[in-house]
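Hello,

Here is the structure I promised to pass on to you. Have a look at it first, and then read my notes below.

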Amino acid sequence: MEQEQHAAHSINEPQASGFLDRFFKLSEHGTSIKTEVIAGLTTFVTMAYIIFVNPNIMADAGVDHGAAFVATCIGAALACFLMGLYANWPVGLAPGMGLNAFFTYTVVGEMGYSWQIALGAVFLSGVLFVILSFWKIREWLLNSIPMSLRFAMGAGVGLFLGLIGLKTAGIVVDSPATLLTMGSFNQPGVLLAALCFLMIAVLSHHRVFGAVLISILAVTAIGWGLGLVEYHGLVSMPPSLAPTFLAMDIAGAFDVAMISVILAFLFVNMFDTAGTLMAVAHRANLIREDGYIENMSKALKADSSSSVIGAFVGCPPVTSYVESASGIAAGGRTGLTAVVCGILFAAAMFLAPLAGMIPAYATAGALIYVAMLMMGGLHTINWKDHTDMIPAIVTVVMMPLTFSIANGIAMGFITYAVMKVFTGKANKLSLAMYVLCAIFVAKFVFL
């Protein structure tokens, strides 16, 4: 009997491998199951900080921390499965950094909407993204927005995220005299946040595997040793998702003042996704000699659909992560990498006690580091052309100073249109730019 079972097992194993090979086209892409599993693990480790950072940010909006943690894991897992199984791309997805901060600190904190209405806006922006992804409008809109503004949006979101990280860490505090000033490094939390940032920067420079995750956990351990963190265990059954599941208020998001918010979610997500997927396609050798990108349309559809799915469970916009490049560097070439990453996100739901222990100053260090990476796109802006440079600077600077991604985008677009029209370069403006500028002007005048 044992020999028969062993024989059956030896027969079934190649069949399983054959199925995976055929489904994900492993041989065609010059990879193997082992390589894809290692790549999926690598991508997950470089992205795993989001399962600690996102719940902390969402909790500031009034969302139940445990439910936000589970929503983050589920939203990321489902998005990874969709990307891997449908598009066959080695890309990990999770709630977007910067967009989650905009959700909490601008839409809920500054504008005063409930987090349920903010989730409704996320859902509507996701639906719009899906519609654009299935129609030719996506290409038209992507091509209509000037390159300088696209890169400026990414850098501005980074600067906005960095300000939030500095504020959360206590490195930058409010001042009646100067608006902002330096915090006190006599506070242990401030020192540990700075230490976390520096650890991440140094480890990342040396290409240490999982630099962000290692630094967050190390600083948390130091905080525990100093009596600043209370130990609650490491593993447990996942908290209830009930507080956020289907909690979005779509009707409440149908408000005129929410138009700019929905557009901000849409634009940042769309351009960030396009940039990330293009970069990943190059690194994963998914671009043919004739320039055709294999399954690019499916990848965009999977990414856009993920935001809709994420809104159902209680996530801010879910998007593709540039950290996926780490898995590609480890050999990932197919959707099996993304599926492995998704399985690990699903398994991470059982780490709720650990997630609850991670202090804000530890995640603040990660926010500051990620912010600086996002600002790297500034070098691509044409600094010699004032009609490109000035609108880009307005976009980047006004996002953190107004504490709103939507306001930064609006002011940047309006400045760009004015600069082009009154310098004799109106032919550089597309119809979409005129329409969007009219919407943004109406927002400032009437709202």
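**Two helix pairs and a few buried residues**

Helix α2 passes helix α15 in a right-handed crossing. Please keep in mind as you read that this is a predicted model.

Let me stay with that pair for a moment. Helix α2 covers residues 33-47 and helix α15 covers residues 335-347. Their axes are 7 Å apart, and the two helices pack at an angle of about 50°. An angle of that size is neither under 35 degrees nor within 65 to 115, and therefore α2 and α15 count as oblique to each other. On the α2 side, the residues that meet α15 are Ile33, Glu36, Val37, Ala39, Gly40, Leu41, Thr43, Phe44 and Met47. Their partners in α15 are Leu336, Thr337, Val340, Cys341, Leu344 and Phe345. Sorted by class, the residues of this contact come to 11 nonpolar, three polar and one charged.

Next, have a look at helix α9, which runs over residues 188-205. How far apart are its end C-alpha atoms? They are 26 Å apart, and this agrees with the 26 Å that 18 residues should span at 1.5 Å a residue. Several residues of α9 are buried, namely Gly189, Val190, Leu192, Ala193, Ala194, Cys196, Phe197 and Ile200. Among the elements that cover them are α8 (147-169), α10 (211-225) and α17 (360-374). Just after α9 comes Arg207, which takes a positive phi of about 55°.

One of those covering helices, α10, makes a second pair with α9. The axes of α9 and α10 come within 9 Å and cross at roughly 150°. Since that is over 145 degrees, α9 is roughly antiparallel to α10. The crossing of α9 and α10 is right-handed. From α9, the contact takes in Leu192, Leu195, Cys196, Met199, Ile200, Leu203 and Ser204. From α10, it takes in Ala211, Val212, Ile214, Ser215, Ile216, Ala218, Val219, Ile222 and Gly223. This contact has 13 nonpolar residues, three polar ones and no charged ones. Leu192, Cys196 and Ile200 of α9 meet α10, and they are also among the buried residues of α9.

Finally, here are three single residues that you may like to find on the model.

- Ala302 lies in helix α13 (residues 296-313). With a relative accessible area of 1%, Ala302 is buried, because buried means under 20%. Leaving out residues up to four places away in sequence, Ala302 touches Leu82, Met83 and Tyr86. Ala302 and Gly84 are 218 residues apart in sequence, yet 8.9 Å apart in space, C-alpha to C-alpha.
- Lys301 also lies in helix α13. Is Lys301 buried or exposed? At 16% relative accessibility, Lys301 counts as buried. Not counting residues up to four places away in sequence, Lys301 touches Tyr86, Ser133 and Phe134. Tyr86 is thus a contact of Lys301 and of Ala302.
- Thr363 lies in helix α17, which is one of the elements covering the buried residues of α9. Thr363 is buried, with a relative accessible area of 3%. Apart from its neighbours within four places in sequence, Thr363 is in contact with Phe52, Val53, Asn56 and Ile358.

Enjoy exploring it, and write back with any questions.

Best wishes

Technical notes: Residues are numbered from 1 along each chain as its sequence is written. This is a predicted model: local features need pLDDT of at least 70, side-chain atom pairs count only at pLDDT 80 or more; totals for chains, interfaces and linings use all residues. Side-chain values use heavy atoms; hydrogens and water are left out. Helices (H or I, at least four residues) and strands (E, at least two) are DSSP runs, numbered from the N terminus. The expected span of a helix is 1.5 Å times one less than its number of residues. Buried means under 20% relative accessible area, exposed over 50%, partly exposed in between (1.4 Å probe, protein chains only). Contact means heavy atoms within 4.5 Å. Axes are lines fitted to C-alpha atoms, for helices over the stretch in contact, and angles run from 0 to 180 degrees between N-to-C directions. A crossing is left-handed if the near helix is turned anticlockwise from the far one by less than a right angle, and right-handed if clockwise. Ala, Val, Leu, Ile, Met, Phe, Trp, Tyr, Cys and Pro count as nonpolar, Asp, Glu, Lys and Arg as charged, and the others, Gly among them, as polar.
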